[in-house]
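Welcome! Take a moment to look over the sequence and the structure below, and then let us walk through them together.

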Amino acid sequence: MINLYNTTTMKKNLVLLFTALTLTMGGSVLAQTSEECMLKGSLFTEAAKAKNYDEAIKHYAPLVAACPTYSLAVYQYGEKMFKSFIKNGDNSKVSDLVQLYNDRLRLYPDKTDAGDVAMDIVQLNYDAGLGTKMEQYKAYEEVFKNNNDAFTSPKSLYTYFSLAVDLNKEGAVPLADMFDLYDAVTDKLEEEEGRMAQKVIAFSDKEEAGETLSSRDKKNYAAYEKNLGIFGKVRGSVDAKLGSIADCENLVPLYNKDYEANKNDIAWVNRALSRLNAKDCDDPLFFKLVQQLHSLKPSAKSAYYLGKLAEKDGKSSEAMRYFNESAELETNPKDKARVYYSLAENFRKAGKFSDARNYYNKMLAVKPNAGIAYLKIANMYAQSANNCGTTPFEKRAMYWKAADLARKAGKVDGAIASTANQTAASYAGRAPGKSDIFSQNMAGKTVTFKCWVGGSVRVPNL
């Protein structure tokens, strides 16, 4: 007779013994794996921290193969390492860096932006000269459409548009598509400029108010100014790249050809008018498009263009009425700024400087990087110098105020920075010099303006 009790007990003991052995061995394996990862990780990160990339790369592949989630820092240091090799001409590391980006996104999705990864990979491949021109263009197009928030690099925006222009010349990208892209790219550039301009103005206002900026603030201030300058130059480069392609000789036939097929498409009519207006195309097509737009849907846009036509015909009061109507109806900040600029220019040309300044300031409220508005106000201040003081010193003091605004124009708009800075230097040269300040005993004092300009300036200390 079989002893069931002993058999059952024996089985239980064997299970317990097997479990104990498994746990012991597993713990040893786990400890061994952990120690191995720490060793591999230390060998890589210490070399990478010291920028000894020739040594670090020996340990990178074994580390990520055995311990892919050892640390996010591995991928951060690895990115710097591969970029260093690529910068020094080793394009064989491009595929390694692309793999790193994808691995980081897969393993650390919460700490990695998918849009940034897509943008980095596209730019990386372009810089390395990989793929055909059309393949590169399509890669940028995909990121621009699907990850637009990450598409903020001025270099990438210019490259994307530049590829479109080159492919258009080869007959591979239609002219209409290229114009649509031009609008989208310039809008994106101005959007990023606007964000940075607001930050530059905030720091500038603090300085003008006599506040002391911290070292961190000074660093950020300088960075924003530098980036604004880059965006301004890129915007100019985009316009230059478009060049004669967007002249009236090409625009008018294009829109005449497509008019019948698109005349009931409000978006198409708006785009056509915008481009023809930007190039001052004096053609019956412009008037036909304005009438069509107004018949489709009277709006801020149609009112604006009717104002432009009235202005062209010398009907100033009618133009102003249409511009004011357009400003009230307009909701798009960029277009609203354009209307305010037209209103300001009309008042300025009529010698109504106070009204002009009012509309230039409205323009700045919706488009902070509109350096041209600051520059126009500065010019009006300079023109009013002789009427804004009772003494020669007070009159010349107005040039300090004009110079300050001209400098601000250059700070917020890199596209006109050179002109703005030259203007500021010219105005500063007309302001009272050290000998004038000394002889009039005005150092550190305030000059108040009682003319339309208003406000005051503080005379520099000697």
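## A first look at the chain

The surface is a good place to start: about 24,900 Å² of the protein chain is exposed, and 52% of that area comes from carbon and sulfur atoms. Please keep in mind that this is a predicted model. Of the 462 residues in the protein chain, 43% count as buried.

The protein chain is built with 20 helices and two strands. The protein chain is more spread out than a compact globule, because its radius of gyration is 32 Å, well over the 23 Å that the globule rule gives for 462 residues. Along the principal axes, the C-alpha atoms occupy a box of roughly 125 × 70 × 50 Å. Among contacts in the protein chain with a separation of 6 or more, 59% join residues 24 or more positions apart.

Charges come next. The protein chain carries 62 positive and 56 negative side chains, and 5 Å separates the centres of the two sets.

## How confident is the prediction?

For the protein chain, the average pLDDT is 89, and 93% of the residues score at least 70. Confidence is lowest in helix α1 (residues 4–49), with a mean of 58, and highest in helix α17 (residues 371–383), at 97. Across residues 1–32 the pLDDT is below 50, and this stretch has one contact in the model beyond near neighbours in sequence. Where pLDDT is low, the predicted coordinates should not be read in detail.

## Some residues to visit

Is V165 buried or exposed? V165 is buried, because its relative accessible area of 0% falls under the 20% cut-off. You can find V165 in helix α7 (residues 154–169). Leaving aside neighbours within four places in sequence, V165 is in contact with M178, K241 and I245. G455 makes a useful landmark too: V165 and G455 are 290 residues apart in sequence, and their C-alpha atoms are 48 Å apart in space.

Now turn to two loop residues. D280 sits in the loop between α11 (266–278) and α12 (284–296), while N441 lies in the loop between α20 (434–439) and β1 (446–448). D280 is not a glycine, although its phi is positive, and N441 also has a positive phi in a residue other than glycine. The table lists their values.

| Residue | Phi | Relative accessible area |
|---|---|---|
| D280 | about 50° | 62%, exposed |
| N441 | near 55° | 55%, exposed |

Both D280 and N441 count as exposed because their relative accessible areas, 62% and 55%, are over 50%.

Conventions
Residues numbered from 1 in each chain as written. Predicted model: local features only at pLDDT ≥ 70, side-chain atom pairs only at ≥ 80, totals over all residues. Heavy atoms only, no water. pLDDT = per-residue confidence, 0-100. Helix = DSSP H or I, 4+ residues; strand = E, 2+ residues; numbered from the N terminus. Contact = heavy atoms within 4.5 Å. Buried < 20%, exposed > 50% of the residue type's maximum accessible area, 1.4 Å probe, protein only. Rg over C-alpha atoms; globule rule 2.2 N^0.38 Å. Areas by Shrake-Rupley, 256 points an atom, 1.4 Å probe, with all protein chains shown as cover. Lys, Arg positive; Asp, Glu negative; His and termini not counted. Charge placed at Lys NZ, Arg CZ, Asp CG, Glu CD.
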